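Trainee: Please take one part of this model and go through it closely. I would like to know how the strands at the start of the chain are arranged and what ties them to their surroundings.

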Amino acid sequence: MNKLLLFGLFALLLPFSSLAQRLRTTDTESGMLEKGTKVGVWEYYAHTRDGRQVKVQKYDHTTKKLIFFRPVEDIPYLVELQPGQWTRSRVDQPPLFIGGDVALAAYTSKLVYPTAAQQRNLQGKVLIAVTIDTLGQASNHKVLLSVGGGCDEEAMRVCRKIPNQWIPARKDGHAVPVVYELPFTFKLQAPVVVAQ
């Protein structure tokens, strides 16, 4: 009788234990949430130019480990191979933002076009250099390419608001600090002409 009672109690409580976690699936990510926090393995997606959805990352938020990343452009980074000695070098794994470029764009797209730049018809790309350390923390923000008219300051403001959700670069099996270059594009919209 006691076994039957315990089984019945277990059967009643089982659905409530699964309420603590829920699956979240969107066009760009899929994984479990527990009390609003990402837990376990999440997959992150992007779309190719022809519209196909592709997996770009698989990341375990519980263990804070990258499981998979879709290789991106193989470019050399400024890497600190020895303390204080920075060298331009290729890495085995580039620095990655958790969730990929789609997740990063959620922050970088929050630019407010400065009025002074609009009035002077200034547009172009501001390039910000950021050091991503071995713990995935961003620091040493510097403007490498300037537009002026307040655009540099606006790009820097937005860049500093990007959360420290970076996966550090890796070379020869260990994490290395690198300088990551982040572009911010300021482009004026063409005026709409209404035909009469």
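Mentor: What follows covers the first strands and their charged pairs, then other parts of the chain for context.

The model is predicted. Strand 1 (residues 21-25) and strand 2 (residues 29-34) run antiparallel to each other and share five bridges. One of the bridged pairs is leucine 23 with methionine 32 of strand 2. The connection from strand 1 to strand 2 is a hairpin of three residues.

Strand 2 also pairs with strand 3 (residues 37-47), again in the antiparallel sense and over five bridges. Here glutamate 29 stands opposite tyrosine 44 of strand 3. The hairpin of strand 2 and strand 3 has two residues between the strands, and lysine 35 in this hairpin takes a positive phi near 55°. Glycine 36 lies in the loop between the two strands. With a relative accessible area of 67%, glycine 36 is exposed. The C-alpha atoms of glycine 36 and arginine 22 are 9.1 Å apart, while 14 residues separate the two in sequence.

Glutamate 29 has a charged partner as well: a salt bridge with arginine 24, in which the closest N and O atoms are 3.2 Å apart. The two ends of this pair differ in exposure. Glutamate 29 has a relative accessibility of 9%, so it counts as buried, and arginine 24, at 33%, counts as partly exposed.

Strand 3 is tied onward by a salt bridge between glutamate 43 and lysine 58, with 3.8 Å between the closest N and O atoms. Because lysine 58 lies in strand 4 and glutamate 43 in strand 3, the pair ties together parts that are 15 residues apart in sequence. Lysine 58 is partly exposed at 26% relative accessibility, and glutamate 43 is partly exposed at 22%.

The whole structure has seven salt bridges. Another of them joins arginine 90 to aspartate 74, the closest N and O atoms being 3.9 Å apart. This pair links distant parts of the chain, 16 residues apart: arginine 90 is in the loop between strand 7 and strand 8, and aspartate 74 is in the loop between strand 5 (65-69) and strand 6. Arginine 90 is partly exposed at 43%, whereas aspartate 74 is exposed at 51%. Back at the first strands, salt bridges with shared partners join Arg24, Glu29 and Lys38 into one network.

Now the nonpolar interior. The largest nonpolar core has 27 residues, and Val126, Ile128, Val178 and Phe184 have the most contacts inside it. Strand 6 (77-82), strand 9 (124-132), helix 4 and strand 14 each give two or more residues to this core. A second core, separate from that one, has eleven residues, including Trp42, Val54, Leu96 and Ile167.

Helix 2 (residues 100-108) has Gly100, Leu104 and Thr108 buried. These residues lie on the same side of helix 2, because they cover an arc of only 70° around the axis. Among the elements that cover them are strand 4 (53-60), strand 8 (96-97), helix 4 (151-161), strand 11 (166-167) and strand 14 (178-186).

One last residue is serine 89, in strand 7 (residues 85-89). Serine 89 is buried, with a relative accessible area of 13%. Beyond residues up to four places away in sequence, serine 89 touches Pro76, Tyr77, Val79 and Lys171.

Key. Residues are numbered from 1 along each chain as its sequence is written. This is a predicted model: local features need pLDDT of at least 70, side-chain atom pairs count only at pLDDT 80 or more; totals for chains, interfaces and linings use all residues. Side-chain values use heavy atoms; hydrogens and water are left out. Helices (H or I, at least four residues) and strands (E, at least two) are DSSP runs, numbered from the N terminus. Buried means under 20% relative accessible area, exposed over 50%, partly exposed in between (1.4 Å probe, protein chains only). Contact means heavy atoms within 4.5 Å. Two strands pair if DSSP finds at least two bridges between them. The arc is that of the directions from the helix axis to the C-beta atoms. A nonpolar core is a set of buried Ala, Val, Leu, Ile, Met, Phe, Trp, Tyr and Cys residues joined through side-chain atoms within 4.5 Å. A salt bridge is a side-chain nitrogen of Lys or Arg within 4 Å of a carboxyl oxygen of Asp or Glu.
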